[in-house]
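Me: Please take a close look at one part of this protein for me. I would like to know how the helices pack there, and then how the sheets elsewhere are built.

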Amino acid sequence: MANSAMTFDKFRTFETEFAGRPLVVETGKTTQLANGACLVRYGETVVHVAVTGAAKPREGIDFFPLSVDFEEKLYSVGKIPGSFLKREGRPSEKAILTSRVIDRPIRPLFPKDMRNDVSVVCTVMSVDPDCEPQIAAMVGTSIALSISDIPWNGPISACSVGYVDGEFVINPNQAQREVSEMATTVASTDSRIAMIEAGANCVSDEVMYNAIMAGHEANQKIIEFIKGMQAEIGKEKFSYPSNEPDEEMFNAIKEFAEADVKVAMDTDDKTVRDARLLPIYEAVHAKFDEIYPDSAEKIDECMYKVQKYIVRRWLLDEQKRVDGRGMNDIRPLASEVGILPRVHGSGLFTRGQTQVLTVATLGPASDGQIIDGIDDEDFKRYMHHYNFPSYSVGETRPSRGPGRREIGHGALAERALVPVIPSVEEFPYSIRLVSEVLSSNGSTSQGSVCGSTLALMDAGVPIKAPVAGISCGLITEGDRWMTMVDIQGVEDFFGDMDFKVAGTHDGITAIQMDLKISGLLPEMVKEALEKTHAARNYILDEVMLKAIAEPRPELSKYAPKMLTTTIPADKISEVIGKGGKVIKEIQAQCEVKIDIEEDGENGQVFVSGIDLENCKRALAIVETIAIDPEPGAIYLGKVVRIMDFGAFVEIAPGKEGLVHISQLDVKRTEKVTDVVNVGDVIRVKVLEIDDKGRLNLSRRDVLIEVDGLTPENDISNDRPRRDSGRGRDNRRPRR
């Protein structure tokens, strides 16, 4: 059979520059069966993006079925997976969060009446630490959708904005990210801001706003670049059957049910609202199922549109909210701490019918989370987990573990609190927060931020400042728009935006923005920042700080006590011992846990346990091993052997000394076992260290100098020389 060379007639390469680094996009060589695909090279970061769309709509659904997957391949950073299977498993938390960040700006740009499945898969194939793969993936997604035949009203672009030495940096490199005061991702269309995701070190509203606008401006160059690609190689968009209800059908149902729906929705109680709506739905189906037998499944869609119409008309035309509040009013608030008696810290935060209980747990440094991903971060000591059980919204769905939403909300709350968590040097604990959503009617993620601050303070964690969070909503109609603070579920459901902002009195620590429209105008962003700042100050001053004004001065009695010390790095092996024998012995003897981290010439030792005295004892043993004893030092030691001439006392594993019979007590001792026996724990003082490194110890001097006992007679001259009285059977064992 003759060989034939494969040709790539459709292969194209497009090049531009993004934040001073080359951005190269390849299309047409691979992935021929996808609706759209590209290979994005940003610096030496390479991400493959493929988008596919189903030819037919999925039956029986009332939503647009979009899936976005950001796949981290460990070969991209030269790693072999650590699992038993030696292959990538479930997505990492970072991959899930990136998938959500990509999803949010692209979803509103699909036709709202389309029900064809669309899948976006971004595969990270090579990682350059200076060029973040998530930015390459977002740009690649926009390119693949734009050149595909899938209906989509793009393009968008995205960039990361850092703040270094008072200057904004677009797509900061690794060194810049390490010192940046913020990590803000901004996605844009050609006219509006489509998505904001931010973590910041308490930056001002003005700095954050300017960062968002700097990112928006930087995105415009890439949007024009993508438009050029689309014009050259873009496919014609395919047609699809609209799922929009017939206008005549909607108007008939609206006329029949509008008055009743208004009455049903005019309450601040979600349970009452749902109960009132149920018989209206039944009446609508009873009347219209027979009238529209071929479109009966769209009746609920019409009822949704009726409710949306009512809520939006109230807001835009009457400045009326469903529960009667003003646009800047916050629902009733309450805060409590110390809810659970035996946990290390707990805080209950309530805002209207949203209620979150957060529990804080403190642990030793080794209890931190090990991360196996494509980032440089491989360990973190502060973790925040968020649980959203079905009962929180009155449903009966079984628990199946955290989904993407739960992981995303937990990460948002974690990001909000990272800037105020004390360093390991200030507070040598691992910290885990778990937010349990007990009731949900709007912005539980920000409720978990508030509950978490309460729990940390209740646990005695010396946070730098308390943090609160709140959301801001938006309603738009043509050129008209208005924002409202503290949106509840129905306003989120029928509104256009959920703009979540967390921060201290002084500045912002986290932002997450969800949109149902194509984007925001700059003035919308500015107003949302102003309103959320005023709201979080109110929450802090009027509610949270009245429940607990500052972190408790002491930890819970049930929390582990933590002590630290620094030892020379060359002594770490002695503390650990062969096969871990020494450190295991100390842990068992003192009922503690010991972690050691090497840092250059020193080793940081962390000792944790429930009993503080046991921690002190273990720390003293470690220091005794690592620091050579000096004459005059006093130790707590264990009697390990008895001889006629004295007792051998171990002051640390592998370090023991002789307490001569004359040094056992303040009075003359005739027999060693009259004073001590094997296993006794006694205090001893180092008298001397001979030229062979052997220790001479004294219990007598401790009794006199520390306890203030008076010797019955002077026996100092009775002390024999080191080698006196020893024959073959009683010589000191060699060590």
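Reply: What follows starts with a run of three helices and then moves on to the sheets and a few backbone details. Keep in mind that this is a predicted model.

Start with helix α5, residues 247-265. It packs against α6 at an angle of about 165 degrees, and the two axes are 9 Å apart. Angles over 145 degrees count as roughly antiparallel. That makes α5 roughly antiparallel to α6. The crossing is right-handed.

Now the side chains and their neighbours. From α5, the contact includes Ala 252, Ile 253, Phe 256 and Ala 257. Asp 260, Val 261, Val 263, Ala 264 and Met 265 in α5 also take part. On the α6 side they meet Arg 273, Arg 276, Leu 277, Ile 280, Ala 283, Val 284, Lys 287 and Phe 288. By class, this contact has 13 nonpolar residues, no polar ones and four charged ones.

Next comes the other partner of α6. Helix α6 covers residues 270-288, and helix α7 covers residues 299-318. They pack at an angle of about 130 degrees, with axes 11 Å apart. Roughly antiparallel would need an angle over 145 degrees, and roughly perpendicular runs from 65 to 115. So α6 is oblique to α7. Here too, α6 passes α7 in a right-handed crossing.

The α6 residues in this contact are Leu 277, Ile 280, Tyr 281, Val 284, His 285 and Phe 288. In α7 they meet Ile 299, Asp 300, Met 303, Tyr 304 and Gln 307. The class count for α6 with α7 is eight nonpolar, two polar and one charged. Leu 277 of α6 appears in the α7 contact, and Leu 277 is also listed in the α5 contact.

Now the open sheet. Five strands form it in the order β11-β12-β13-β17-β16, with mixed pairing. β11 (333-337) and β16 (382-387) stand at the edges with a single partner strand each, so one side of each has no neighbour in the sheet. The twist averages 15 degrees from one strand to the next. Inside the sheet, β12 (residues 345-351) pairs with β13 (residues 354-363) in the antiparallel sense over seven bridges. Gly 345 has Ala 360 in β13 as its bridge partner.

Two helices contact this sheet. Helix α9 (residues 444-458) touches β11, β12, β13, β16 and β17, and its direction makes about 145 degrees with that of β12. Helix α11 (residues 522-547) lies across β11 and β12, at about 35 degrees to β11.

The barrel is a separate topic. Five strands close it in the order β25-β26-β27-β29-β28, again with mixed pairing. Neighbouring strands are turned by 50 degrees against each other on average, direction ignored. Helix α14 (residues 612-626) packs on this sheet, touching β25, β26, β27 and β28. The direction of α14 makes about 95 degrees with that of β26. Strands β27 and β29 run parallel, joined by three bridges. One partner pair is Gly 657 with Leu 695 in β29.

Last, some backbone details. The peptide bond from Gly 154 to Pro 155 is cis, with omega near 5 degrees. Pro 155 sits in the loop between α2 and β7. Asp 165 has a positive phi, near 55 degrees. Asp 165 lies in the loop between β7 and β8. Its relative accessibility is 77%, so Asp 165 counts as exposed. Cys 202 also has phi near 55 degrees, but lies in strand β10. At 26% relative accessibility, Cys 202 counts as partly exposed.

Terms used: Residues are numbered from 1 along each chain as its sequence is written. This is a predicted model: local features need pLDDT of at least 70, side-chain atom pairs count only at pLDDT 80 or more; totals for chains, interfaces and linings use all residues. Side-chain values use heavy atoms; hydrogens and water are left out. Two strands pair if DSSP finds at least two bridges between them. Helices (H or I, at least four residues) and strands (E, at least two) are DSSP runs, numbered from the N terminus. Axes are lines fitted to C-alpha atoms, for helices over the stretch in contact, and angles run from 0 to 180 degrees between N-to-C directions. Contact means heavy atoms within 4.5 Å. Angles under 35 degrees count as roughly parallel, over 145 as roughly antiparallel, 65 to 115 as roughly perpendicular and the rest as oblique. A crossing is left-handed if the near helix is turned anticlockwise from the far one by less than a right angle, and right-handed if clockwise. Ala, Val, Leu, Ile, Met, Phe, Trp, Tyr, Cys and Pro count as nonpolar, Asp, Glu, Lys and Arg as charged, and the others, Gly among them, as polar. Buried means under 20% relative accessible area, exposed over 50%, partly exposed in between (1.4 Å probe, protein chains only).
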